[in-house]
Amino acid sequence: MGTLKKYDVLVIGGGHAGCEAALASARMGLSTCLFTMNLDTIAQMSCNPAIGGLAKGHLVREIDALGGEMAKVTDRAGIQFRMLNKSKGPAVWSLRAQADRVLYRLAMRSVIEDQENLDIKQATIEEILAGGGNIKGVRTSLGAVYEALCVIVTTGTFLKGLMHVGQESFEAGRAGEFPSVGLSGSLAGLGLRLGRLKTGTPPRLDARTIDFSKTDPQQGDDPPVPFSYSTTTIENPQLPCFITYTNSETHRIIRENIGLSAMYSGKIKGIGPRYCPSIEDKVVRFFDRDRHQVFLEPEGLRTKEYYANGISTSLPFEVQVDLVRTIPGLEQAEIMRPAYAIEYDFVFPTQLRHSLETKATGGLFLAGQINGTSGYEEAAAQGLMAGINAALKIKGRGPLVLGRHEAYIGVLIDDLVTKGTNEPYRMFTSRAEYRLLLRHDNADMRLMEKGREIGLLGGEAYCRFVEKREKVGAEMRRLRSSRLKPEAINGALRDLGTSPVSEDISLEQLLKRPEVSYALIRGHAPSVAELGQEIEQQVEIQVKYEGYIARQVEMAERLKKLEGKQIPEDIDYRALPGISKEILSKLEEIRPANIGQAGRIQGMTPAALSLIMVAVGKRKKTS
């Protein structure tokens, strides 16, 4: 069968990474086709029905600020919103939303189907076609060929997916869906090195058989805070989640049957997620804990299905029933869908550039779990960047690479391509050196200009951002220049338990006090302009943390200088005297783009880095 159609960009996989990649490419004006094995499961939330959480919420805000879609769809499908870590500093505040699983999928599909320049096709891609070191297109399982300038692979857990329940194993990409078998061999044929990872899900329970009176309800925020900067109100009814706990009887059942777990019987070869372990792992690794939390999450507004977050397992079905029924509130619970573990192929991400293009084949981009990550948010962030950079490549422009000081997306991608991973990678705030710069609240300030420059963000969203930025700037200037007399403010200061002032004080100095919030400023020296809570919060954070922010900005500037010292791609590391075999091996695999990246390679020593800098300096002098 000959070529059916030519596109600029082809996207393989209709999950969270694939959706963002396809939308970004199409919105940047390129003819794009999204291939999925099942049109009915586009943007399927195959694991928990939630978006965001610690650090993950930052990623979603950044996706939105750049012009991506995940935040908007979450707001359309959200049934509970909570800002986490509010008792701590703003650097670690993170938004999390429960979503109606069906509403999310349908909302994303409607966006994709309405997008200009974007076709959707149900097909299984068996082979990636390349020649002369560059992408040519793809071939489907039916022999159809589609040509393209760039191909983005976002296959999730489908590459040679193998599902495990106890000692039973099934070939599957996820429950009820076929795996992708041929594509792994095609990627390996292009020179990519593949590994094996594992993840899993807990059982889904019938709400009609749960005694919620024995659990602790957890309500969302009222009013809910949206994810997207363009969302004004959340329309859906809001539902509570419920908390219960395992106990010694639960743990006894697990220990007695541990040999039947696919994870512990040796059936699973892939490495599982360290930070989201199965209940077997928790019981074995944390043997001194007498209980573990189980978070019961509603799957949607029109279903009785609940997701039992916290008891992922690969134990046999009958053991799953027994252990579930030892948990308070779940004594009569019926399992609607059993828990399972799944292992799948992934590509070691050190084989990628920061643009997410493979070093081996020009025009081939990888995004999502194929790069060793876990989670919808990490996948969507990579998909967005792969779509952007594929489009920029075709347009003859340089890639968009976000620095570690600019975005959690930058941290995510730099960690993958510089340090690599041999276990499912999950984003945490602790991975970012510049947390105070990369706050949840200022993603628009950091990234919307970049979204506009590449052509993804414009119109009303950008105009609102410009207005907000101007109001924040004007209010910061007003706080510095406006002053209050002691008699006007001392009474309020005494009421707050903070020391009075003996002379005039600027509003900025007043707001720097830990006890003083913006409400006091509003009450005693209000702005003429209508600011709103979002702008007031932004101003208050900038004022209170000004010194800390300035120090991190200074650190970021030093990093930028190192990032600016480029390393030639063809540098011969073997010619450098005194480089250890371990560091040499990593340098040749990763081929760092600059001195900053080289310094972040695991095991890199100051001496080795100095040798590289000397070699780069000599190359510049002779060139």
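Lys468 touches Tyr229, Asp441, Asp444, Met445, Glu534 and Ile535, setting aside residues up to four places away in sequence. The model here is a predicted one, and Lys468 makes a handy way in. This lysine sits in helix H12, which covers residues 459-481. With a relative accessibility of just 7%, Lys468 falls under the 20% cut-off and so counts as buried.

Another lysine, Lys512, tells its own story. Lys512 belongs to helix H14, made up of residues 507-512. Its relative accessibility is 27%, so Lys512 counts as partly exposed. Once neighbours within four places in sequence are left out, Lys512 is in contact with Val543, Lys544 and Glu546. Of these partners, Glu546 deserves a second look: the side chains of Lys512 and Glu546 are joined by a polar contact of 2.7 Å. The two residues are 34 residues apart along the chain, yet their C-alpha atoms are separated by 8.8 Å.

Next comes a pair of packed helices. Two such helices are described by the angle between their axes and by the distance between those axes. Helix H9 (residues 376-394) and helix H10 (residues 408-419) meet at an angle of about 90 degrees, and their axes lie 10 Å apart. H9 and H10 are therefore roughly perpendicular to each other. On the H9 side the contact is made by Glu378, Ala381, Gln382 and Met385, while H10 brings in Ile409, Leu412, Ile413 and Leu416.

Gln382, one of the H9 residues in that contact, can be followed a little further. At 0% relative accessibility, Gln382 counts as buried. Apart from neighbours within four places in sequence, Gln382 is in contact with Leu412 and Leu416, and also with Leu356, Ala367, Gly368, Asn371 and Thr373. As for Phe365, this residue is 17 residues away from Gln382 in sequence, and the C-alpha atoms of the two are 10.0 Å apart in space.

Finally, there is helix H4, residues 101-114. At 1.5 Å a residue, the 14 residues of H4 should span 20 Å, and the end C-alpha atoms are indeed 20 Å apart, so the two values agree. Buried residues in H4 are Arg101, Tyr104, Arg105, Ala107, Met108, Val111 and Ile112. These residues cover an arc of only 165 degrees around the axis, which means that they lie on the same side of H4. At the start of H4, Asp100 gets involved too: one of its side-chain oxygens comes to within 3.0 Å of the backbone nitrogen of Val102.

Notes:
Residues are numbered from 1 along each chain as its sequence is written. This is a predicted model: local features need pLDDT of at least 70, side-chain atom pairs count only at pLDDT 80 or more; totals for chains, interfaces and linings use all residues. Side-chain values use heavy atoms; hydrogens and water are left out. Helices (H or I, at least four residues) and strands (E, at least two) are DSSP runs, numbered from the N terminus. The expected span of a helix is 1.5 Å times one less than its number of residues. Buried means under 20% relative accessible area, exposed over 50%, partly exposed in between (1.4 Å probe, protein chains only). The arc is that of the directions from the helix axis to the C-beta atoms. A polar contact is a pair of N or O atoms within 3.5 Å; within protein, one must be able to donate a hydrogen and the other to accept it, and residues adjacent in sequence count only if both atoms are side-chain atoms. Contact means heavy atoms within 4.5 Å. Axes are lines fitted to C-alpha atoms, for helices over the stretch in contact, and angles run from 0 to 180 degrees between N-to-C directions. Angles under 35 degrees count as roughly parallel, over 145 as roughly antiparallel, 65 to 115 as roughly perpendicular and the rest as oblique.
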